[in-house]
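Here's a quick tour to read with the structure open beside you. We'll start with a helix pair and then work through the rest by topic.

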Amino acid sequence: MRRHVSPMTILTNEQAIYYLLSEKDILKEIQKINRDVSEILGLQSTTLVRLLLSHFHWDQDLLTDRYWDDPDRLFLKAKLPNPNSSPIDLTPASPAPSDGSDPNLVTCKTCYSDKPPNEFYSLACNHKHCLPCWRLYLQSCLANITNVKKISCPSNCNQIVDDEEALRLLKHDERLTKRYEQVMINSYVDTNRLTKWCPGNSCSTLVRINSHLTDCAQMISCDVCKTTFCFHCSKQWHDPIQCSLLVKWEKKNRDESMTSEWLIANTKECPNCHASIEKNGGCNHMTCRKPGCAHEFCWICFGPWKDHATRQCNVFREDGVNSNQLSARENLARYMHYFTRYQAHNQSLELETNHSNQVEQRIQEMQAESKTFTEQQATYKAFDVLQQCRRTLKYTYAFAYYLYRNNQAEVFEQNQADLERATEALSGFLEAEIDAEKNISIQLMDKTRYCDQRRKILIDHCKEGYSEHYWAGLDAY
Ligand SMILES: [Zn+2]
Ligand SMILES: [Zn+2]
Ligand SMILES: [Zn+2]
Ligand SMILES: [Zn+2]
Ligand SMILES: [Zn+2]
Ligand SMILES: [Zn+2]
């Protein structure tokens, strides 16, 4: 179990504590909670406690409160057998052995074969079923569920099979044991608001957070698969946009996908010589490779790079009209402005992630050679910061699309432009210099630190805006 701290939300500057757990950790934890609560409530069956807890979304305090209030009502509402009042349903015990058969044998209530008593198992209800029938029964129960509600006696009475008992009956079947544990874990995760699976590709890490604010984005970094995601919506970490608005933005992108695909597919040539350009690095400062051209331009707006520093590429210029009166065509142009930038940073993020993986490999190869430890660390750090900046930039364009213009929005745009410039400079530096043998770590560290700083300034201003209500057009919390 690894403990982590993260800035809690895009709304506040609080720190949230969260834990990364393996499936083994979580099983131990489930068992511990069940034992503890069983003791408090004086209930024998830890499985009954597990089912009660899942009814209360694993809120122990709420369960104990309700239990002391009125236990009978509690069991009724949770649709679970009440061990304090419900008499054990003892209806038909096993049928008496028929004439002529061995009186020492017991008849199974499932398959009706006669076997010695030690080949049977029964719950408190004393309904005797032979062990092979039990296994088949449990197997069929497990086949149809993804999370253990309850497994009752095969004689259809009100007795519940305890987890420990079920696991003991399945002891020799590794596959079914695993399946039972998996189902126990799923039922814990599905009903527990403070626990979630890491959404990373086939990652089986669990995250448990110690407090959960509804509707607030919370950042989680999985150190197993290196995914950084939002606890609330399970998407890629999307600071500074809210979860709810991100859903809207992604829907908009799906609705407009025909238009945007056309535009993006048709703008891939050098604005000077019209040679087609293929992009394989993340940096958006482009230089045309065609002999004799060498035109430098911005991949996002296709403007010349030389006046890029003074002209804000990130701001959408409405020609004098106010945004309520934009025509459909202008509205589309406005949307495309933000969407292309959102898309461009996303593409850069992907390319730079690939690049960083290659570099990581190279660094390992060079370890024995000239690279010092500082240089290696500087490179890792630079890629890490670069990826954070790309991710932030990407989502600032969704944020900006919904934002109404005001003075604070202009401050935001300035911060965005600064971060964008710093990010392209770092990206270009990493692309150009990584093969060179000269000492680059000082410059690299400077550029990295500057990017990191710019990103923090932007995010802090966004957070301040949420709490001070600068932002109009964004969803309210
Ligand atoms: Zn049987
Ligand atoms: Zn029974
Ligand atoms: Zn993960
Ligand atoms: Zn979210
Ligand atoms: Zn060219
Ligand atoms: Zn540009």
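Is the crossing of H11 and H13 left-handed or right-handed? It's left-handed, and the helix-pair bullets below fill in the rest of that contact. Keep in mind that this is a predicted model. Its mean pLDDT is 84, with 87% of the residues at 70 or more.

**How far to trust it**

- One stretch calls for care: residues 90–94 have a pLDDT below 50. Beyond near neighbours in sequence, that stretch still has seven contacts in the model.
- Where pLDDT is low, it's best not to read the predicted coordinates in detail.

**Helices H11 and H13**

- H11 covers residues 373–402 and H13 covers residues 441–468; their axes come within 9 Å and cross at roughly 30°.
- Angles under 35 degrees count as roughly parallel, so H11 and H13 are roughly parallel to each other.
- On the H11 side, the contact is made by Thr374, Glu375, Ala378, Thr379, Lys381, Ala382, Val385, Leu386, Gln388, Cys389 and Thr392.
- H13 answers with Ser441, Leu444, Met445, Thr448, Cys451, Asp452, Arg455, Leu458 and Ile459.
- Sorted by class, the contact of H11 with H13 has ten nonpolar, six polar and four charged residues.

**Helices H5 and H7**

- The axes of H5 (residues 131–143) and H7 (residues 174–191) come within 11 Å, crossing at roughly 45°.
- That angle makes H5 oblique to H7.
- The crossing of H5 and H7 is left-handed.
- From H5, the residues in the contact are Leu138, Gln139 and Leu142, and they meet Leu176, Arg179, Tyr180 and Val183 in H7.
- The contact of H5 with H7 breaks down into five nonpolar residues, one polar and one charged.

**Helices H1 and H2**

- H1 (residues 23–41) and H2 (residues 46–55) have axes that come within 9 Å and cross at roughly 100°.
- Angles of 65 to 115 degrees count as roughly perpendicular, and that makes H1 roughly perpendicular to H2.
- H1 brings Ile30, Ile33, Asn34, Arg35, Val37, Ser38 and Leu41 to the contact, where they meet Thr46, Val49, Arg50 and Leu53 of H2.
- The tally for H1 with H2 is six nonpolar, three polar and two charged residues.

**The four-stranded sheet**

- Four strands form an open sheet in the order E1-E2-E8-E7, with antiparallel pairing.
- E1 (2–7) and E7 (195–197) are the edge strands, each with a single partner strand, so each has one side left without a neighbour in the sheet.
- From one strand to the next, the twist averages 30°.
- E1 and E2 are antiparallel and share six bridges. Within E2, Leu20 is the residue that Arg2 stands opposite.
- E2 (residues 15–21) also runs antiparallel to E8, joined to that strand by four bridges. Here Leu21 has Leu206 as its bridge partner, while Tyr18 stands opposite Ile209.
- E7 pairs with E8 (residues 206–209) in the antiparallel sense, over three bridges. In this pairing Trp197 stands opposite Leu206, and Thr195 stands opposite Arg208.
- Leu206 of E8 is worth finding on screen: the residue is the bridge partner of Leu21 and also stands opposite Trp197.

**Backbone oddities**

- As background, most residues other than glycine have a negative phi, and most peptide bonds are trans.
- What is the phi of Ser202 near? The value is near 40°, positive in a residue other than glycine. Ser202 is in the loop between E7 and E8, two strands that pair over three bridges.
- The peptide bond from Asp239 to Pro240 is cis, and its omega is near 10°. Look for Pro240 in the loop between E10 (228–230) and H8 (243–255).

How values were computed
Residues are numbered from 1 along each chain as its sequence is written. Chains are lettered from A and ligands numbered from 1 in the order in which they are written. This is a predicted model: local features need pLDDT of at least 70, side-chain atom pairs count only at pLDDT 80 or more; totals for chains, interfaces and linings use all residues. Two strands pair if DSSP finds at least two bridges between them. Axes are lines fitted to C-alpha atoms, for helices over the stretch in contact, and angles run from 0 to 180 degrees between N-to-C directions. Angles under 35 degrees count as roughly parallel, over 145 as roughly antiparallel, 65 to 115 as roughly perpendicular and the rest as oblique. A crossing is left-handed if the near helix is turned anticlockwise from the far one by less than a right angle, and right-handed if clockwise. Two residues are in contact if their C-beta atoms, placed from the backbone, lie within 7 Å. Ala, Val, Leu, Ile, Met, Phe, Trp, Tyr, Cys and Pro count as nonpolar, Asp, Glu, Lys and Arg as charged, and the others, Gly among them, as polar. pLDDT is the predictor's confidence in each residue, from 0 to 100.
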